[in-house]
Structures are given as structure tokens and as C-alpha cells.
Amino acid sequence: MTRRVQEFRVAIDLAGVFVFALSGATVAVQRRLDLFGVLVLAMVAALAGGVARDLLIGAVPPAAVADWRYLAAAGFGGLLTFYRYSDIERLQSPVQVFDAAGLGLFAVAGTEKALLLGMNPVSAVLLGMLTGIGGGIARDVLMAQIPVVLYSELYAIAAVAGGIVVVLGHALGLPPVPVMLTGVFLCFGLRFMAIRHGWGLPTSRHSPAREEA
Amino acid sequence: MTRRVQEFRVAIDLAGVFVFALSGATVAVQRRLDLFGVLVLAMVAALAGGVARDLLIGAVPPAAVADWRYLAAAGFGGLLTFYRYSDIERLQSPVQVFDAAGLGLFAVAGTEKALLLGMNPVSAVLLGMLTGIGGGIARDVLMAQIPVVLYSELYAIAAVAGGIVVVLGHALGLPPVPVMLTGVFLCFGLRFMAIRHGWGLPTSRHSPAREEA
Amino acid sequence: MTRRVQEFRVAIDLAGVFVFALSGATVAVQRRLDLFGVLVLAMVAALAGGVARDLLIGAVPPAAVADWRYLAAAGFGGLLTFYRYSDIERLQSPVQVFDAAGLGLFAVAGTEKALLLGMNPVSAVLLGMLTGIGGGIARDVLMAQIPVVLYSELYAIAAVAGGIVVVLGHALGLPPVPVMLTGVFLCFGLRFMAIRHGWGLPTSRHSPAREEA
């Protein structure tokens, strides 16, 4: 039973790796990086969040290093984007949609893994959020840009919501697989609606006039 | 006794977390990030240096993850800045002053913790410096800027001076609490005077004409 | 025997640290950073790749922290560049040549260390590559630029080639020292020829028109 749950978590994690790899590789193709640059950006976007989480909870070596399926999923996403960019691009605003899906998958899988390694619920939710936003932050830092998650509509709030579902499910002893699926869809749905309707958090009323950058 | 010293180190650490959170959040408000972006920048500026130190010395999970007071201090600093920005701003050149205070607190607490975990004195001083400068570097990298610590007046030298006080105090068997306070004030004082009088380190005589960026 | 091999690996590692320190410090002098900024960039370029590898394989504290020779080699490279910049500069396009040499040294030493710690061959080659490219990426991120390795001629492919030599040598039971030297020279040679002849990987045929940045 526990084993099946863990396999389900890994499956969710791998799906997140794949869609974040598409997101990273899409940015890299748009910047006209070469094949290697596309693969690196795919891997960074796909794996950096989970690696950061694993280092912080002491799960060393991280799954991304020890388990070949993570590298394979990230590499496959990168190659697919490189050789089939026009197909990937045809899907509407693909970076954002892949990002939203990956966010939900990672937030849920990351929270679940952190709980499993004995973290307290608050840390577990934050580590799930880090799993979800870490890859996108690393991708944008490598592109020398301010990470989009820092000013995107409800980005991390959606991840936090997904993580809270997992934590509540654990606390109430609910069956894990439907709980995880609920978390993924809640996060994806929130993020998707936020993009669509431009929902956002407030900025400080006291903000000075926007500076040049 | 040792326990009281450790509690004092944690108190210094938490004070550093709070003031670095103010510094990070101030930058974020100035860039008009939303509430989440402000909280992230507060946490990154407040916690990245200590997390880097803890990963390097094998203290996993890092205090910032395992101890809720670190997250609380960083979050409180971020919220305070967000909702009371004009008060925070009224303090003169707040980013620099908070930075100088946080630098001293972190350099001393970081050196102390590294010695405690058995690092040699040179590594301990450098790890204290990393604790002090890591958050500011991460904050600036996320804002896609060259970190100010790399060209600021005596920034890291001040941190090194604070760390050396701690190492000397250990070697001479002096009582730790006054030693730590001396280190904090020496570092803060050096940095403050350097800002005020424009003290700096030399650049290479051989520097070519400054390049465009 | 095994001990001599390990000493040889460390010697290769330290040579890589030294030349990457020259590369990082050269960039810092060109940006007119002060003495401290030059030392930081030297250390980051020299040590970040190895530190990342050591964190990922659980070799904590990393050699760069625990072994004073790493800090000394990086610091020496930084000081030499700072005080003798015009001599360093006279060597043709020094950043690129030091980079190519450091790449070969690190890719080989990093792959060897990862195999030693029990990683599988694919992970070992990728960790060797990370050792080789990590410092340059960190250097460029601190300078708020897109890392050159992401669009440079055959940069990481050369590192991968060097790592594959090491993995094959292990699998075939060949004597490690000549194998490592072969790996270093293959990587350096590939990278050097690629720079000279402008060899590169393809970009996606489907790339959109280059975006503004």
C-alpha cells in the first residue's frame, strides 16, 4: 500500500519533470540556444526544484541524480521540444500551461516527500512550493531575468494550496492517491484561472514609483 | 553554559534573519513585486546565507527549514515591510543600514556555528562571511543584478573582521557572549564607517577601460 | 595504488581550481571589481562546480571547504590575476584558454570522484560535466549574464567526452593515470578546436525569430 503510494508520487514527480522540461526547453529555443543549451535549460527547469528540496531534507543523492528516469524524462522533454518546436508551440501559450501543470504536480509530490522524510506540516508545504517554483526560478536566473514567479498571478499561492490539500489529507487519514490528485487539480485550476482572469496579489500601497528595471 | 551560548547564537541569528528580511523586502517593494514576491525576497535575503552554510557543513535539514522561528522571523520582516513600507523607508537609507546590521549578526553567528561543527578556523571565518553575504547575493541575483557586495565598500572585509574576533575569542578561551557582541559591533562599525567615508579596496591597477556592462 | 590515483585526481582538481580562478578573476578585473570582488569571483568560478557535485553526491563538507589547498589555489589565482593582470592578459584570449583547460581537468576529476562515491556511469559523466561547467555558470550568473556555456561551441560536449573516457577506462580496467590524462587532453583539444574553427551544435530549425534579449 505505502509502496503503491510512493510509486504514485514518483509517477506524479516524473510527469512534472517532463512538463517543466518542455517549459524550460521552450524558453531556450525562443532564445535560440543550441541543442546543448536547450537540454541544459530543460534539465534545470525540470530538476532544480526537486534537487533543492532533496538537499534541504537530506535526501542525498537527490532522486534527479540517483534515478535515471528523472534524467530521461527531462532529456526527452528537451529533445522533443528541440525537434518538434512548432508542434509544441501550436499549443496555446505553452510555457504557461506546462508551467501550471508542472507546478501542481511538483507542489503535491514535493509536499508528500517532505512529510515522508519527517518534516513538520508548515515546512512540508513550503518545501512543496519550493519544488514547484525552484525550477522556474533557476531557468529565469540562467536567462538573466527576474523570475516570473515573483510577479505572476497567484503562482506560489496555487502551489501552497496544493500542498495544504496533501497535509490535510495526511492529518485526516484520507486515502493518499485521490488526495494527491485533488491537490494537483486544485493547484492547476487556481493557476489557470488566475492567468485567465488576471487574478493577482496586491502590491504594497506604499510602493514608490516603479524604478527603471 | 554551552547551552546558553548556543541560545545566544540563535538569538543573534534570528535578529540577523529579521533585518535581512527587511532589506530583501525593501528591494522587492521598490521593484513593485506583489505580496508573494515581497515574502520570497524577504526569505531569500534572510535565509539563503545560512542555508548555504548549513548545507556546506552538513547541518541538514538547515535551521531555516527545521526551526519555525527562522521562517517566522523572515515572514514577519517581509509582512512588516509590505504593510508599513513608508515607516521602514523613513529610516535613512534603510537597505544599507539593515544590511550592515545583518552582516555583523550573521558573520558572527555563522563563524560560531561552523566552529561548533568542527570546521578549522580559516574555513569557519569564510563560512561566517558566506552566511553574511549569501543572502544579499541571492537577493541581487533574483533581481538580475550584479550583487552589490561585489563592489561595495569593505563589505566582506567587515564580515571577515567579525568572524576573526570569534575565532580569536575561542582560541583565547574568552567568554563567548561578550566576544560575539564585540564581533557584531566591529563588523557593523567597520561597514557603517566605510559607507559613510567611502572607504574601499583598490581595483587592479591593470584594469582595462570599463566594459559596457 | 588506489591512494596514488586519488592523489593524482586531487592534483588534477587543484590545477583546475587554479586555472578557473584565473578565468573568474579575469572577468572580475575587466568589470573593475575591487580586490574582494576579484577574490570572490575567482573562488566562485573555481569552486562552485566542485561544491555542487560534492553536495549532490553527499560528500559533505565539500573538499573546497574542508581542504585548505582548494581555497589556497583559488585565492592564489585571484591574487595573481589582480596584481599581474597585464601579464595574464598578454596570453591570448586568456579566459577562453583557461576555461578550456579547467573544463578538461574538472570534467575528468569530477567523473572520477563520482564513480568513486558509487554513482552509476551516466550520472558520473553528468556530474563531471557539472563540475566543469558549474563554476562558469555561477561566475556568469553573478555578472547578471546568460552563461556563455549555454551557447558556446561544444563546451559541454567536450566535458562529456572527457568524462566518457574516464568511465570507459574504469569499465575496461585500464590504468587510471594515463586514462585521466587522455580524458583531460581530449576535452581540452575538442574545446580548443571548436573555438578555433567555430564548431557548434545546431539550433532548433523551428526557432522563432530571435527575441529582444
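No disulfides turn up anywhere in this predicted model: the count over all chains is 0. A disulfide would need two cysteine sulfur atoms within 2.5 Å of each other. As for the cysteines themselves, Cys187(B) has a relative accessible area of 0%, so it counts as buried. Cys187(C) is also at 0% relative accessibility and is therefore buried.

The way the chains are arranged comes next. Lay chain C on chain B and the RMSD is 0.0 Å, after a turn of 120° and a shift of 0.0 Å along the axis. These two copies are thus related as by a three-fold rotation axis. Chain C can also be superposed on chain A, again with an RMSD of 0.0 Å, by a rotation of 120° with 0.0 Å of shift along its axis. Which residue of chain C comes closest to the rotation axis? That is Ala144(C), with its C-alpha at 3.2 Å from the axis. For the superposition on chain B, too, Ala144(C) is the residue of chain C that comes closest to the axis, at 3.2 Å.

Then there are the charged pairs. Side chains of opposite charge can pair when their charged atoms come close. Over all chains, the structure holds 13 salt bridges. One of them links Arg139(B) to Asp140(B), with 3.0 Å between the closest N and O atoms. Neither partner sits out on the surface in the sense used here: Arg139(B) and Asp140(B) are both buried. In chain C, Arg139(C) and Asp140(C) meet through their side chains in a salt bridge, 3.0 Å from N to O. Buried is again the word for Asp140(C) and for Arg139(C). Chain A has a set of linked salt bridges, in which shared partners join Arg53(A), Asp54(A) and Lys113(A) into one network. Within that network, Arg53(A) forms a salt bridge with Asp54(A), and their closest N and O atoms are 3.0 Å apart. Are these two residues buried or exposed? Both Arg53(A) and Asp54(A) are buried.

On the outside of chain A, four residues make a nonpolar surface patch of about 310 Å², namely Val97(A), Phe192(A), Met193(A) and Trp199(A). Val97(A) belongs to helix α6 of chain A, which covers residues 94-116. Its relative accessibility is 30%, so Val97(A) counts as partly exposed, given that this class lies between under 20% for buried and over 50% for exposed.

Turning to the backbone, helix α1 of chain A takes in residues 2-30, 29 residues in total. From its first C-alpha to its last, α1(A) reaches 42 Å, close to the 42 Å expected at 1.5 Å a residue. After α1(A) comes Arg32(A), which has a positive phi near 60°.

What is the phi of Arg32(B)? It is positive, about 60°, although Arg32(B) is not a glycine. This residue lies in the loop between α1 (2-30) and α2 (35-57) of chain B. With a relative accessible area of 33%, Arg32(B) is partly exposed. Chain C gives its own example: the phi of Arg32(C) is positive and near 60°, in a residue other than glycine. Arg32(C) is found in the loop between α1 (2-30) and α2 of chain C. Because its relative accessible area is 33%, Arg32(C) is classed as partly exposed.

Finally, there are cis peptide bonds to point out. In chain A, one joins Val60(A) and Pro61(A), with omega at about -5°. Where does Pro61(A) sit? It is in the loop of chain A between α2 (35-57) and α3 (63-66). Chain C has a cis peptide bond between Val60(C) and Pro61(C), where omega is about -5°. Pro61(C) has its place in the loop between α2 (35-57) and α3 (63-66) of chain C.

Notes. Residues numbered from 1 in each chain as written. Chains lettered and ligands numbered in written order. Predicted model: local features only at pLDDT ≥ 70, side-chain atom pairs only at ≥ 80, totals over all residues. Heavy atoms only, no water. Buried < 20%, exposed > 50% of the residue type's maximum accessible area, 1.4 Å probe, protein only. Patch = residues over 30% accessible without salt bridge, like charges linked within 9 Å, V, L, I, M, F, W, Y side chains within 5 Å. Areas by Shrake-Rupley, 256 points an atom, 1.4 Å probe, with all protein chains shown as cover. Helix = DSSP H or I, 4+ residues; strand = E, 2+ residues; numbered from the N terminus. Expected span 1.5 Å × (residues − 1). Least-squares fit on C-alpha atoms with pLDDT ≥ 70 in both.
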